[in-house]
Amino acid sequence: MQLDYRHLLPAAAGVLLLHAAPALSFTEEQAAAGRAAYQQHCLTCHGPNLRQLPNALLGGPEFVGRWGSRAANELLAAARSTMPPDDPGGLPVETYSGIVAFLLQANGGTADTEPLTADTTTPVGEGLTGEVTALPALAGAAAPPGPTGVTVAGTVQGFEPVTDEMLLDPPASDWLMLRRDYSATSFSPLTEITPDNARRLQLAWIWPMRDGGTNQPAPLAYDGTLYLANTGGIVQALDARTGDLIWEHRVGAEIAPRGLALYRNMLIFQSAAAWALRPQDAHLIALDARTGETIWNVRMPDVYATNSGPIVANGLIIQGMGTCTVYEDNKCFISAYDPETGEQRWRFRTIALTGEPGGDTWGGLPDLYRAGGEAWITGSYDPELNLTYWGTAQAKPWMPASRGMDARDVALYTSSTLAIDASTGELAWYYPHAPGEAFDLDVVFERVLVNGAGDQKWVLSVGKDGVLWKHDRRTGEYLGHVETVFQNVWASFDRETGRPQYRQDIIEHEVGEWIDGCPSTAGGKNWPAMSFHAPSRQLIIPLSQSCVSLRAQAIEQRPGGGSGGGADRRFYEMPNTNGNVGKLGAFDVDTLEETWSLEQRASFLTSVLSTAGGVAFAGDLDRSFKAVDVRDGRVVWETRLATSVQGFPISFEVDGRQYVAVATGLGGGSPRGVPATITPEIHVPDRGHALYVFALPEE
């Protein structure tokens, strides 16, 4: 059961000003029964300490901030109306009451003599401390058993160090980094699989993965070995020909599922310091890619863990940061690390403070209450310019009225593209795509680097608003944009600068008022990456078509407070889509014109993989993994897998044979939670994590 408080449909308004309140209304018996129900229905996704899903935190200050002065029956109604995702309302009423009672107790609440019911209007109140109590009975059930470190010993034979030259020009047979190359193209130059023979694809091997938590892996392939971030803090090396396990390392904490990095003889990734604690202090870890043994494991100073890993650029490891939602002095930043030691070399803070460039763009908001600006999607890199390109998330809370700001306050450097010197961390240029962001439509996602005619060098990006932007990557000059899905949040765009202008009612929006907008907080475009198909010069983009009503909440400005959301939400179908939530859209990078689209009921949950053979691959919520002809979007092959298809498909070659790998997975917040509320007839099994590898039959 995946209870994501960011996606709840509350029955009544609530104000988030913490104040004295009566004792909580639930009994010890309810909480005990709720603990058992949580273990049965919720533990797999949310983990033993209620914080396994970064976008669905059921314990800690974020949870208290979300529900602190709302009625307990609102939380109960929200749980019943949305959970579990595959069968909302499908559990007995007393089961929901017990789970909510358990959540209250686990967050420091004290039981009462009166049971919690649908008529309980007692505020959650100050009875919640935000300190998640120890849950040993749950921890043993959810945490991976056994010791940490290398748990299966083995050696990758004939391993050659991954050099800077390899990263600059990856061998066609390999997939050495997230999205394959520095330009973040998610494009494979392999040609064996074509629209004409794709119908003959068959399963080459399958590797079952650990059920539980969010599974959005981005595997790497190098010289016949596949490296995989499994759930539960497990990293594995597999024989890419057969799927046989070579070695396994258990970290003992959550790791970023989206983004391993290979460099020299190291496999590098980010990890949390311990299971499900707040703050999630981040560690940077380098394993020996040959054996899985630890080379170094260092704490990243002032960094909170995120769900995407690093990029290695010009000899440095560059990493973003997540969960900068608390009102505190520490702010989000992008930082670089020495590959020899893991020592931090530079950092660029993404929140401008008073007296600094951009510090006057926060509407006079005191520095303490400036939050957000996460860089939770791995950046790209231009080695010729030595610039690394990152997107940033919005200011927090989501809506200006909740932040105490005006929608015309730009709030640098949030919701922007940042071009940063990879050696020094100095800002070369920035562009705010969503100044004063007001609808959780941030633009944090991948920056794809494409060359135009002559010496033109472009950076292209798409945010949750579905707007595809093109900029000069030397200077940040605006070169054009196109709306990839229907949007009605932006009323206009400046012809010269591209700067968007909100609708007037959004500018005037106040706390407690409902307001509508398209796309919804699922995007438009979200973390599943687009692909640049170089031969046809098309960007093929996974898109989602839904809309939202939001109601801003009052978020108290107090040290240690804050909110990662701060709005109630209701979702509905996007107009004129015939109920088709999922869309693959292809756009010509030179003209920005849409060349074709494929629309379907189920939302797409994987990145797009395109190949020089003329095929693009994508997977969806309804367990389908399909190949389409890049010329027109025609489906040329399709198969059904165990559960929803989620993560980053890759293609690689071993012994002259081309393979395509993709994972199935659960968890992941808005991209799957929102479509699940709009397409309730799509039932997704609550287990079935696995890695599937396909190939043409051997001759």
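**Note on two sheets, a loop serine and a cavity**

1. Leu 284 stands opposite Val 298 in strand 11. Strand 10 (residues 281–288) pairs with strand 11 in the antiparallel sense, over six bridges. Pairing requires at least two DSSP bridges between two strands, and strands are DSSP runs of E, at least two residues long, numbered from the N terminus.

2. The model is predicted, so local features need pLDDT of at least 70 and side-chain atom pairs count only at pLDDT 80 or more, while totals for chains, interfaces and linings use all residues. Residues are numbered from 1 along each chain as its sequence is written, and side-chain values use heavy atoms, with hydrogens and water left out.

3. Strands 10 and 11 belong to an open sheet of four strands, in the order 8-9-10-11, with antiparallel pairing. The edges are strand 8 (261–263) and strand 11 (294–304); each has a single partner strand, so one side of each lacks a neighbour in the sheet. On average, neighbouring strands of this sheet are turned by 25° against each other, direction ignored; axes are lines fitted to C-alpha atoms, with angles from 0 to 180 degrees between N-to-C directions.

4. Another open sheet has four strands in the order 22-23-24-25, again with antiparallel pairing. Strand 22 (448–451) and strand 25 (478–483) are at the edges, and each has a single partner strand, so one side of each is left without a neighbour in the sheet. The average turn between neighbouring strands here is 25°, direction ignored. Four bridges join strand 22 to the antiparallel strand 23 (residues 457–462), and Asn 451 stands opposite Lys 457 in strand 23.

5. Ser 536 sits in the loop between strand 29 (531–533) and strand 30 (538–544). With a relative accessible area of 27%, Ser 536 is partly exposed (between buried, under 20%, and exposed, over 50%; 1.4 Å probe, protein chains only). The side chains of Ser 536 and His 533 make a polar contact at 2.7 Å (N or O atoms within 3.5 Å, one able to donate a hydrogen and the other to accept it). Ser 536 and Gly 614 are 78 residues apart in sequence, but 8.7 Å apart in space, C-alpha to C-alpha.

6. The count comes to seven cavities of 30 Å³ or more (sets of points on a 1 Å grid where a 1.4 Å probe fits but cannot get out; lining residues have an atom within 4 Å of a point). The second largest has a volume of about 110 Å³. Of the 17 residues lining the second largest cavity, the closest to its centre are Met 177, Leu 178, Pro 310, Ile 311 and Val 312. Strand 8 and strand 12 (311–313) are the elements that give two or more residues to this lining.

Technical notes. On a 1 Å grid over the protein atoms alone, a cavity is a set of points where a 1.4 Å probe fits but cannot get out, and a pocket is an open set with protein on both sides within 12 Å along at least five of seven lines; lining residues have an atom within 4 Å of a point. Grid points are joined across faces, edges and corners, and a volume is the space filled by probe spheres set on the points.
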